[in-house]
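Biologist: Please take one buried corner of this model and describe it closely. I should then like to see how the charged pairs and a helix elsewhere in the chain are placed, with each term explained as it arises.

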Amino acid sequence: MSANTRDGLNYLRKLTFSRILNFLLVYTSYHVSRWFKKPLVWGKPVSISIEPTTTCNLGCPECPSGLKKFSRDMGNLSSDFFFEILGQMKKHLTYCTFYFQGEPFINPKFLEMVEYASKQGIYTSTSTNAHFLRPEVAAGTVKSGLDRMIISIDGTTQETYEKYRINGKLSKVLEGTRNIVEAKKELKSNTPMLIFQFLVVSHNEHQVDEVIQMGKDMGVDEVRFKTAQLYDFENGNSLMPVQEKYSRYRKGKDGKYVIKNELLNQCWRMWQGFVVTWDGLIVPCCFDKDATHQLGDLKKNRVEEVWKSPKYQGFRASVLKSRKEIDICINCTEGTKVWVGQD
């Protein structure tokens, strides 16, 4: 059985009647909204992404966390606050991603929160730079019940890796990966599903084949390639790969670069879930890194109050009307193929 098949079955086993019914309500309301160009929301959030911390040990050039350029407050998610939020959603929630900005393992309560969500029968995932995966942390990660772990590995040599993952050590990434693989074997666990994520940019695109082989040698379940989000792309960018299939952008007839996405006036993300910052702000999706479009505050309101609030509905209406006019949609990959998978 392939890793993807096992992962899919693992997710399906967590579905209850109420979660399936809720998904069908949300899915139906999304398509009815598209047809009538009016935001109708039946059901409750299917998934959420929640931010364990805004802090990161690296300094990646296209990341506000790495650049320390947030205008919003920075800090760690409180486990008690997380338990409160999840308590409002656990009956209908199917998927919880412990990642938005920052390095999740910096939060000392991170695995405690993962374990709590796992015990509620919710599929859990995270994305990490793997620098903190010491043997005891790796074992704790497997024991927590984490279902999926994405490990960022953007180079097969230190020279290439550190060009984007500034202050990072490839040796730490590989060591952390080995620790997780070993912990899974020792604990006889198929989870978390391990994915090497390779952000393809100009200086590492020649290492695509090498990272596929590295993934096989390391024993990870899958290697995936991701296009890079660039804030300054219209006139080109030194990080853009030569091979266009690995780029999020294409060159127009006027010589200017544009995103490949047609930015149709629709977005499944606006109906199926949202992002919660470490301090409880609800934002539309992961492209709103600085939380400029705040749709609610879970320190003041319950999830159900925010989910169908006039402000949230107004944002959904703007997506259905003219998505191209929304600033955070400029780099959006919704509806486009940005992953090139490799088992």
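**A loop residue and its surroundings**

Modeller: Apart from neighbours within four places in sequence, Q229 is in contact with E62, R248, Y249, F287, K289 and N331, contact being heavy atoms within 4.5 Å. The model is predicted, so local features are given only at pLDDT of at least 70 and side-chain atom pairs only at pLDDT 80 or more, whereas totals for chains, interfaces and linings use all residues. Residues are numbered from 1 along each chain as its sequence is written, and side-chain values use heavy atoms, with hydrogens and water left out.

Q229 belongs to the loop between strand 6 and strand 7 (249–251); helices (H or I, at least four residues) and strands (E, at least two) are DSSP runs numbered from the N terminus. With a relative accessible area of 15%, Q229 is therefore buried (under 20%; exposed is over 50%, and partly exposed lies in between, with a 1.4 Å probe and protein chains only).

The charged pairs come next. There are 11 salt bridges in the structure, each a side-chain nitrogen of Lys or Arg within 4 Å of a carboxyl oxygen of Asp or Glu. Side chains of opposite charge can pair when their charged atoms come close.

One such pair is R148 with D7, whose closest N and O atoms are 2.4 Å apart. This pair joins distant parts of the chain, since R148 sits in strand 4 (residues 148–152) and D7 in helix 1 (residues 3–13), 141 residues apart. Both partners are covered: R148 is buried at 14% relative accessible area, and D7 is buried at 10%.

A second salt bridge brings D154 and R165 together at 2.6 Å, N to O. D154 is in the loop between strand 4 and helix 7 (158–164) and R165 in the loop between helix 7 and helix 8 (170–186), so this pair ties together parts 11 residues apart in sequence. D154 and R165 are both buried.

A third salt bridge forms between K184 and D221, with 3.3 Å between the closest N and O atoms. Here too distant parts are linked: K184 is in helix 8, and D221 is in the loop between helix 9 (208–218) and strand 6 (222–227), 37 residues apart. K184 is buried, with a relative accessible area of 11%, and D221 is buried at 16%. R6 also takes part, for R6, K184 and D221 are linked in a network of salt bridges.

Helix 6 (residues 135–144) shows burial within one element: V137, A138, T141, V142 and S144 are buried there. Viewed down the helix axis, the buried residues fall within an arc of 160°, so they line one face of helix 6; the arc is taken from the directions from the helix axis to the C-beta atoms. An α-helix has 3.6 residues a turn, so residues three or four places apart point the same way. The buried residues of helix 6 pack against helix 5 (110–119), strand 4 and helix 8, whereas E136 and K143 are exposed on the other side. Directly after helix 6, G145 has a positive phi of about 95°.

Finally, a word on confidence. The mean pLDDT of the protein is 92, and 96% of its residues reach 70 or more, pLDDT being the predictor's confidence in each residue, from 0 to 100. Residues 335–343 have pLDDT below 50, and this stretch makes 22 contacts in the model beyond near neighbours in sequence.
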